[in-house]
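Let's take a walk through this one, starting with the cysteines and then moving on to a helix and a charged side chain. Have the viewer open as you read.

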Amino acid sequence: MEETENKYELNTRQAKDLIDDIAEFASPVFIFSGGEPLLRKDIFDLAHYAGEKNLKTALATNGTIIDDCIVSKIKYSSIQRVSISLDGPDPKTHDALRRSQGAFNKAEKGLNMLISAGISSQINMTVTRKNCHLLEPMIHFALEKRVEALHFFVVVPVGCGRMLDKSELFDAEDYEQVLKDIYCLEKRYSSKLFVKVTCAPQYYRLLQNKTPEVFKQQPGRLHHISKGCLAGTAVCFVSSSGDVYPCGYLPVIAGNILKTPFKEIWQSSEVFKILRDNDSLSENCLSCTYQRVCGGCRARAFYASGGNYMAADPDCIFNV
């Protein structure tokens, strides 16, 4: 076992303590993400340890550093699914959005290697105004690669999203249209490919109105359809330094596992208590008929309001 020595991130023992703490009271899908998780020297040791604790494990990577050695380690680890980030079906689109020449070819090569090795794989696509016209070509690309799933992450203007030009972000009307487009595509291709929409809680309003039966859990899947915004209610994000956030896009710290056990943070943090209380919502999100199935994106609300994560979601058509 090789201990990680970066003083700014959890070491191996601290990461295993986190896994122990979680496994003691819950059995979530445990996703190793980043940044780039494959840069951790102990990543497969941690994945194996999580598997021993009966946690379902997945790996989210940009795919650019995958090689034969990494593929072999993934194949014989407890990792059940690997997602590769691809923001378009071609180098021009992906490289432009990632601002990295050659990123698409490296990621596609990594994806091909995973699929050839029989490793369950999915594609994660960040959807912006610049690539939303490529949703169906991306589905065709995913079908051609024979991945298990395609997840559309609608861009959120926090974190890396803050670097995007405003022309790449959706207004409420365009956002609503993109959700309708995705719904039509999912309906058309659902028998061939599992399509999921993330960071777009209003999508679940559409689903409830049009296809309420999809809210039933689908056995055997790593993920299933549920309510819209899950930040702090069904998901959370633990940073490399141990800070706990409601999700990877909402920069509000609920606690740090080096100071407080994760279980205590999850069950008692004031941030999580607020997020779990629908009556803490404000403006249109508080009075909305779809409050419990949608809830509005708390990260978008945080960004637009200057820090109030319980404010109305600015990208919802009901708030225009």
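Counting disulfides in this chain gives zero. Keep in mind that the model is predicted. Take cysteine 297: it is in no disulfide, and the nearest cysteine sulfur, from cysteine 229, sits 5.5 Å away, while a pair has to come within 2.5 Å to count. Cysteine 297 is also buried, at 6% relative accessibility. Cysteine 316 is in no disulfide either; its nearest cysteine sulfur belongs to cysteine 294, 5.9 Å off. Cysteine 316 is buried too, with a relative accessible area of 8%.

Now swing over to helix 2, which spans residues 43-52. Its buried residues are Ile43, Phe44, Leu46, Ala47, Tyr49 and Ala50. What lies over them? The cover includes helix 1 (12-25) and helix 3 (68-75), along with strand 1 (29-32), strand 2 (56-61) and strand 3. Just past the end of helix 2, have a look at asparagine 54, which takes a positive phi of about 65°.

Strand 3, part of that cover, covers residues 79-85 and carries arginine 81. Which side chain of opposite charge is nearest to this buried arginine 81? That would be glutamate 148, but at 4.7 Å there is no salt bridge, because the cut-off is 4 Å. Arginine 81 does have polar partners, though: its side chain makes a polar contact with the side chain of serine 120 at 2.7 Å, and another with the side chain of glutamine 122 at 3.0 Å.

Terms used:
Residues numbered from 1 in each chain as written. Predicted model: local features only at pLDDT ≥ 70, side-chain atom pairs only at ≥ 80, totals over all residues. Heavy atoms only, no water. Helix = DSSP H or I, 4+ residues; strand = E, 2+ residues; numbered from the N terminus. Buried < 20%, exposed > 50% of the residue type's maximum accessible area, 1.4 Å probe, protein only. Lys, Arg positive; Asp, Glu negative; His and termini not counted. Polar contact = N/O pair within 3.5 Å; in protein donor to acceptor, adjacent residues only side chain to side chain. Contact = heavy atoms within 4.5 Å.
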